[in-house]
Amino acid sequence: MPIQELKKYSSQVKTGQNFSAFDAGSLEDLFQYELQHPRLNRTVKGKLFLREILDLTSMQVSLNRLPAGAAVPFIHKHKQNEELYIFIKGNGQMQVDGETFDIKEGTVVRIAPDGGRVWRNNSSEDLYYIVIQGKDGSLSQDTFDDGIPLETPPSW
Ligand code: ZN
């Protein structure tokens, strides 16, 4: 089931042979994005999934803005994906398997698939964060093992 109107954004995606780029706008404008949540059966504002827009093949990523005082209304876990929550701005709380801790700009939280998670913005300012999910245990090499320096200089 499509969870957001992708055609709406396709004209804004710049693509090359080996890249796709999308300008989602400023984070303050994230409320312009809304999606129909398949389980809540209601429209969620301020959440933009990027996998289909960018043709991501190994991860799902979302940009998020949670209004002041708002709470995610359900606890969820995953079948096979671990998640990384990167909090960019604001304050709130996260709860994983019943354990509550504070989150704020600069907090990064990794949650294993089986962790029951929920979070809230119990502050007076909006909370901004990025969520990345990928298949748990799937990364076999990274960074200096995977990167290949090229001899070609930048063309600018
Ligand atoms: Zn999740």
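How much space lies in the largest pocket? In this predicted model, the largest pocket holds about 1,300 Å³ of space, and a reader who is new to the structure may find it helpful to look at the chain as a whole before returning to the residues around that pocket.

The protein chain is made up of three helices and twelve strands, and its C-alpha trace spans about 50 × 35 × 30 Å along the principal axes. Of its 156 residues, 35% count as buried, where buried refers to a relative accessible area under 20%. Among the contacts in the chain with a separation of 6 or more, 63% are accounted for by residues that stand 24 or more positions apart.

Turning to the surface, the accessible area of the protein chain comes to about 10,700 Å², and carbon and sulfur atoms make up 50% of this. The chain carries 17 positive and 21 negative charges, and the mean position of the positive charges lies 8 Å from that of the negative ones.

With this outline in place, the pocket can be described in more detail. The largest pocket has about 1,300 Å³ of space, and it is lined by 45 residues, of which H37, K47, F49, H76 and Q133 are the closest to its centre. The elements that each give two or more residues to this lining are the strands β3 (34-37), β4 (42-45), β5 (47-49), β6 (60-66), β7 (81-89) and β12 (127-135), together with the helix α2 (51-54). Of these contributors, β6 gives the most to the lining of the largest pocket, with five residues.

Key: Residues numbered from 1 in each chain as written. Predicted model: local features only at pLDDT ≥ 70, side-chain atom pairs only at ≥ 80, totals over all residues. Heavy atoms only, no water. Helix = DSSP H or I, 4+ residues; strand = E, 2+ residues; numbered from the N terminus. Buried < 20%, exposed > 50% of the residue type's maximum accessible area, 1.4 Å probe, protein only. Contact = heavy atoms within 4.5 Å. Areas by Shrake-Rupley, 256 points an atom, 1.4 Å probe, with all protein chains shown as cover. Lys, Arg positive; Asp, Glu negative; His and termini not counted. Charge placed at Lys NZ, Arg CZ, Asp CG, Glu CD. 1 Å grid on protein atoms, 1.4 Å probe; cavity = no way out; pocket = protein on both sides within 12 Å on 5 of 7 lines; lining within 4 Å. Points joined across faces, edges and corners; volume = space filled by probe spheres on them.
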